[in-house]
Amino acid sequence: MSMRPFPMNLNFKTGELTPNDRTNIRNLSDMKGMFFDNEAESRILEKEDPLIYSFSEKVLPEENGHLQLATTTIHPGKVGDEYHMTKGHYHRRPDTSEMYLGLEGEGCLLMQTVEGDFESIDIRPGTVAYIPPFWGHRMVNTGKTAYVFFAVYPGDAGHNYGDIEKTGFIKILVERDKKPVLIDNPRWKQRD
Ligand code: M6P
Ligand code: ZN
């Protein structure tokens, strides 16, 4: 059955997408082992379980031909020296792409392939980044305010978190002398 066209509202300051159907919350306890400094993670979790990011989605059919629409807000902060970030993922259908549009705040998009290729793009309000098929992607908030972006991707792309959980990202973004620096991840493992 065909769907009727519909409008939505995207608030360019807050990223609020209305109407949306689902808001997903990711606290530090949902990201165990993803930040490099496990001791810093444990120290924080002994006291609290901070909200790292949330994303709101319009529920649309997970089918070829449709698109998925989502806005994400990453709260400022660090775990050890590493800035707050999304889990990051490849697509379950790896030959699908994605578009990110920066709305508020400052940060960086990290991308990699399973073969070990790596790219990063700074994303500010108004930056449009194209993530081609086969590139895993993660956003990192390097600023002191909320980092907000809008994403569009194919309806049937899906999420593959397992491969990122196994290997980590090739590079990580850490604070050095109060500035963000991209360094090699000593724990990066090439997938077998
Ligand atoms: C963006 C999109 C979504 C993704 C969300 C959070 O909105 O890429 O598909 O789910 O960010 O990122 P992650 O799934 O890596 O936690
Ligand atoms: Zn994606």
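Tyr153 counts as buried, at 6% relative accessibility; buried here means under 20% relative accessible area, exposed over 50% and partly exposed in between, with a 1.4 Å probe and protein chains only. The model is predicted, so local features need pLDDT of at least 70 and side-chain atom pairs count only at pLDDT 80 or more, whereas totals for chains, interfaces and linings use all residues. Residues are numbered from 1 along each chain as its sequence is written, chains are lettered from A and ligands numbered from 1 in the order in which they are written, and side-chain values use heavy atoms, with hydrogens and water left out.

Tyr153 lies in strand S13. Strands (E, at least two residues) and helices (H or I, at least four) are DSSP runs, numbered from the N terminus. Between the C-alpha atoms of Tyr153 and Ser97 the distance in space is 6.3 Å, although the two are 56 residues apart in sequence.

Strand S13 belongs to an open sheet of six strands, whose order is S3-S4-S5-S13-S8-S11 with antiparallel pairing. Two strands are taken to pair if DSSP finds at least two bridges between them. At the edges stand strand S3 (22-27) and strand S11 (128-131), each of which pairs on one side only. On average, neighbouring strands of this sheet are turned by 20° against each other, direction ignored; for such angles, axes are lines fitted to C-alpha atoms, for helices over the stretch in contact, and the angles run from 0 to 180 degrees between N-to-C directions.

Within this sheet, strand S5 (residues 67-74) and strand S13 (residues 147-154) run antiparallel and are joined by eight bridges. Thr73 stands opposite Val148 of S13, and Leu67 has Pro154 in S13 as its bridge partner. Five bridges connect S5 to strand S4 (residues 51-57), again antiparallel, with Ser56 opposite Thr71 in S5. Strand S5 is mostly covered, seven of its eight residues being buried.

A second open sheet has three strands in the order S10-S9-S12, with antiparallel pairing. Its edge strands are S10 (118-123) and S12, each pairing on one side only, and the twist averages 20° from one strand to the next. Strand S9 (residues 107-112) runs antiparallel to S10 and is joined to it by six bridges; Gln112 stands opposite Phe118 in S10. The two strands form a hairpin with five residues between them, and in the turn Gly116 has a positive phi of about 100°.

Another hairpin is made by S14 and S15, with two residues between the strands, where Asp177 takes a positive phi near 50°. Strand S14 (residues 171-176) and strand S15 (residues 179-184) run antiparallel and share six bridges, and Arg176 has Lys179 of S15 as its bridge partner.

Now to the metal. The zinc ion (ligand 2) has as protein donors His89 (NE2), His91 (NE2), Glu98 (OE) and His137 (NE2), which lie 2.0 to 2.2 Å from it. Donors are N, O and S atoms within 2.8 Å of the metal (3.2 Å for Na, K and Ca), and sites may look incomplete since water is not among the atoms. The donor residues follow the spacing H-x1-H-x6-E-x38-H in sequence. His89 sits in the loop between strand S7 (82-83) and strand S8 (98-104) and His137 in strand S12 (residues 136-141), so this pair ties together parts that are 48 residues apart in sequence. His89 is buried, with a relative accessible area of 9%, and His137 is buried as well, at 1%.

The angles among the four donor atoms of the zinc ion (ligand 2) are 86 to 155°, and the site is irregular. Four donors count as tetrahedral if all angles lie between 85 and 135 degrees; four count as square planar and six as octahedral if opposite donors are over 155 degrees apart and all others between 65 and 115, and anything else is irregular.

Ligand 1 has 15 residues around it, of which Tyr53, Thr72, Glu98, His159 and Tyr161 come nearest; a residue is near a molecule or strand if one of its heavy atoms lies within 4 Å of it. Oxygen atoms of ligand 1 also take part in polar contacts, including one at 2.4 Å from an N or O atom in the side chain of Tyr161. A polar contact is a pair of N or O atoms within 3.5 Å; within protein, one must be able to donate a hydrogen and the other to accept it, and residues adjacent in sequence count only if both atoms are side-chain atoms. A polar side-chain atom of Tyr100 is 2.8 Å from an oxygen atom of ligand 1, and for Gly88 a backbone N or O atom lies 2.9 Å from an oxygen atom of this ligand.
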